[in-house]
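Please walk me through this structure in the viewer. Tell me what to select at each stop and what I will find there.

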Amino acid sequence: MDKNFAARRRRDLFVAAALAVIAALAPLFVKDVYVQNILILTLMYAALSQSWNILSGYCGQISLGHALYFGLGAYTTALLFMKFGVLPWFGMLAGGTLSALIAMGLGYLCFRLRGHYFVIATIVIAEITLLLFHNWDWAGAALGIDIPVRGDSWLKFQFTRSKLPYFYFALVLACVAWFVTWWLEDSKWGFWWRAVKDNPEAAESLGVVVFNSKMGAAAVSAFLVAVGGSFYAQFVSYIDPESVMGFQFSLLMALPAVLGGIGTLWGPVLGAAILIPLTELTRSFIGGSGRGVDLIVYGTLIVLISLALPRGLVSLFSSRKGAAR
Amino acid sequence: MLTAEAIIQSLASGLLMGLLYGLIAVGLALIFGLMDVVNFAHGEFLMISMYATFFLFAFFAIDPLLSAPLVAAAMFVFGAVVYLLIVRFAMRAKANAGMVQIFSTFGLAIVMRGLAQFFFTPDYRSIPQSALGGKTISIAGIFLPEPQLVGALLSIAAFGALYLFINRTDFGRALEATREDPGAVALVGIDKNRVFALGWGLGAALVGLSGAIMAIFFYIYPDVGASFALIAYVTVALGGFGSVFGAFAGGIIVGLVEATTALILPPSLKSVGIYAVYLLVVFIRPRGLFGSM
Amino acid sequence: MTALLETRGVWQRFGGLVANSDVSISVGRGEIVGLIGPNGAGKSTLFNLIAGVLPPTQGTIWFDGVDVTHMPAAERCVRGVGRTFQVVKSFETMTVIDNVIVGALVRTTVMREARRKAHEVLEFTGLAARADVLASDLVPAEKRRLEVARALATEPKLLLLDEVLTGLTPTEAQTGVDLVRKVRETGVTVLMVEHVMEIVMPLVDRAIVLDLGKVLVEGKPSDVVRDPKVISAYLGDRHAQSA
């Protein structure tokens, strides 16, 4: 049985490596900028959703306010660069660290809340921050920040001629988020998180420090999401409160994991791979008229998948190896 | 400047708006109290109620005051159908039940928004002329907008009726029984599906009522629900999830806090006060003001 | 040698209700002690105080020579208190082996070691064949055993069993009794709460009878069952139930 388990872990790693190689080679065949853009977004949301999944899926603390960390990552990077000339790479680390700290601070206050009270608190905190950024003149207020373009450079993480560097960064980010999840899944933390999600009282009786588990999950989750936000700021080179901290980001982080399979290793990847291209394609091909067909398709899909496959799309693949994963 | 009059004036309008918020939110509380499900399409229920009111006015020149019962009746049917077609199945989910409930109703919300955009276009609409629209009444030097005033009175009446309904009927007993113990409905021998469908119908009808009033003085557009949905969730959570009369109190608090915030902070920050009060309340009482501890 | 567990003058009040009044009990190393009593005697409250769910209103609780009165449950587990729940609390979305690994992780952070320990415990509790099944798919008796397995994986010095034998078929209950004996043979002290005397009396070395929040009688099971105070407490209870 141990062998089976180890074999499964190895196979997951192997499949991930193979997928990463295939993805890395994709630009050889995909020259279309529009399609490249979709690929970048898909990878980014895979990474974001994978990170969201750590707190909400594994640890069971459902956050619909992760846009907060995404926005903090984006703003920290952009503001440090604009105001103090700090390179985006350091901004990324700063944004991640700041977000992790804030996540723990908020967790300290919110982790005693249960169920919907917790979910609403996460939404409301993100909304308050959004409104404050709207009114914060130093940070560009509602107009936002135009990140000055100083030419293509890895040092400044800016690329105007080709999107490929962004593509590769998004790929690395998705791989990192996946690998962190893979690694944590079979660790004390991973087990603690799942125990806390399923039954905090029983977890406590088995020596699990419930509060610390949640704090750990919040910190890791927020850090990675903020790095995603930093990336996004560089990628679009213009940010304003709505476009990096709006509620829709909280949802777009949650949906791939939920539809793919919440609390699973592959759920976010699978969900993002299906959902993001679908969103983008319906938006540009049928939704272009602004008549909402994209929303209808998208919403129907969410209803049907969540009703028909409560364990997410991964359950279609995992039936042969037991419903567990 | 902040004169006593200005303060009283804004508190009075805050109170009226708060009563209306209570009416908007109570359907949510009712459904949650009955079956522990949060309807994430609640805002969209409000949105289609407003559209229904608008079109009854535009095509048949029915004043919102008269169409309110019609809209409520239509919403009753709509709510029951949503239960029977979606929520009933969501409740049977064998895994991740909470998630399934959240995202199946959330998916419905997106579909409804899409349909509204498709059929009604994203344009902003309003009802230009109605019995109450744009009129104010002056009581002791305080100006009260008539639509909000009528809405507030309607809200009080609706809560009164709801109180009688919950205390005097089988449905009310079932509601109480399920709140105490989710398995109790089956024991009492009540058909669960019927009670739940009735609950959804009633919840939606109450939204319909508030939608008809809102349509008098608020713009109508496909995303209008989203702006009120969060307020409705906060209202219900403030009162304590599932407590119908908590929603009433929650609504009043939200209305007053919003009005007070608007006096102190720039208008774009008026919601910050509501959110901050929500956080403050749940940090002290994690289950809301009237929720069971 | 000092007792492994001792409660000294423990009181627990909930508002006006007194659930435990001046309870002083002790459990020696290697003993199997039964904590019994009619409904509402305060057994579950005392059990929860010992497990660390909440601190007592008054009095102290000593475990292994340390005052643990205000120690949270998780820390007590680290010190060697394992427990089961009356209403089973399995980690439903996790497999049986993963449930047990959570317990094993108290003693090691090396996953391979935790997994080995978990297998060993599953073997010991007779759940090995069910290792890869989801906890939600277990039958009730198996869930009870999983509770015990999980607690054993934490390598407790004291195992607290909350009505693990109640509601089982006679065969299942016998398997449970055998398991508890086996557990004690490995040197673990057992304190078990049971409502039904008949099941536990043959198993325990010593019985403590609680009634109305107080210790009514304690002693050898054969003496306790014949004690008129115990009989009347239980009869009173039955009487109240049939009324």
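Start in chain B with helix H1 (residues 4-35) and helix H9 (residues 224-239): their axes come within 8 Å and cross at roughly 65°. Helices (H or I, at least four residues) and strands (E, at least two) are DSSP runs, numbered from the N terminus. Axes are lines fitted to C-alpha atoms, for helices over the stretch in contact, and angles run from 0 to 180 degrees between N-to-C directions. The model is predicted: local features need pLDDT of at least 70 and side-chain atom pairs count only at pLDDT 80 or more, while totals for chains, interfaces and linings use all residues. Residues are numbered from 1 along each chain as its sequence is written, and chains are lettered from A and ligands numbered from 1 in the order in which they are written.

The crossing of H1(B) and H9(B) is right-handed (the near helix is turned clockwise from the far one by less than a right angle; anticlockwise would be left-handed). Now select the residues in contact (C-beta atoms, placed from the backbone, within 7 Å). H1(B) offers Tyr21(B), Gly22(B), Ile24(B), Ala25(B), Leu28(B), Ala29(B) and Phe32(B). From H9(B) come Phe228(B), Ile231(B), Ala232(B), Thr235(B), Val236(B) and Gly239(B). Ten of these contact residues are nonpolar, three are polar and none is charged. Here Ala, Val, Leu, Ile, Met, Phe, Trp, Tyr, Cys and Pro count as nonpolar, Asp, Glu, Lys and Arg as charged, and the others, Gly among them, as polar.

Next, select helix H4 (residues 97-120) of chain B. Its 24 residues should span 34 Å at 1.5 Å a residue, and the end C-alpha atoms agree, being 34 Å apart. (The expected span is 1.5 Å times one less than the number of residues.) Because 18 of its 24 residues are buried, H4(B) is largely enclosed by the rest of the structure. Buried means 20 or more other C-beta atoms within 10 Å of a residue's own, exposed 12 or fewer, and partly exposed in between, with C-beta atoms placed from the backbone. Just past H4(B), find Thr121(B), with a positive phi of about 65°.

Add chain A. Here 41 residues of chain B touch 32 residues of chain A. On the chain B side, H3, H4, H9 and helix H11 (270-284) each give two or more residues. H4(B) gives the most, with 14 residues. That side has 31 nonpolar, seven polar and three charged residues.

Stay at chain A and pick helix H13 (residues 293-308). Twelve of its 16 residues are buried, among them Tyr298(A), Gly299(A) and Leu301(A). Those buried residues pack against helix H11 (247-261) and helix H12 (267-285) of chain A, and against helix H3 (64-90) and H4 of chain B.

Last, show chain C. Six strands form an open, mixed sheet in the order E6-E7-E8-E3-E9-E10; strands pair if DSSP finds at least two bridges between them. Strand E6 (81-83) and strand E10 (214-219) of chain C are at the edges with a single partner strand each, so one side of each lacks a neighbour in the sheet. The twist averages 20° from one strand to the next. E6(C) pairs with strand E7 (residues 158-162) of chain C in the parallel sense, over three bridges. Find Arg83(C) opposite Leu160(C) there.

Definitions and conventions
Contact = placed C-beta atoms within 7 Å.
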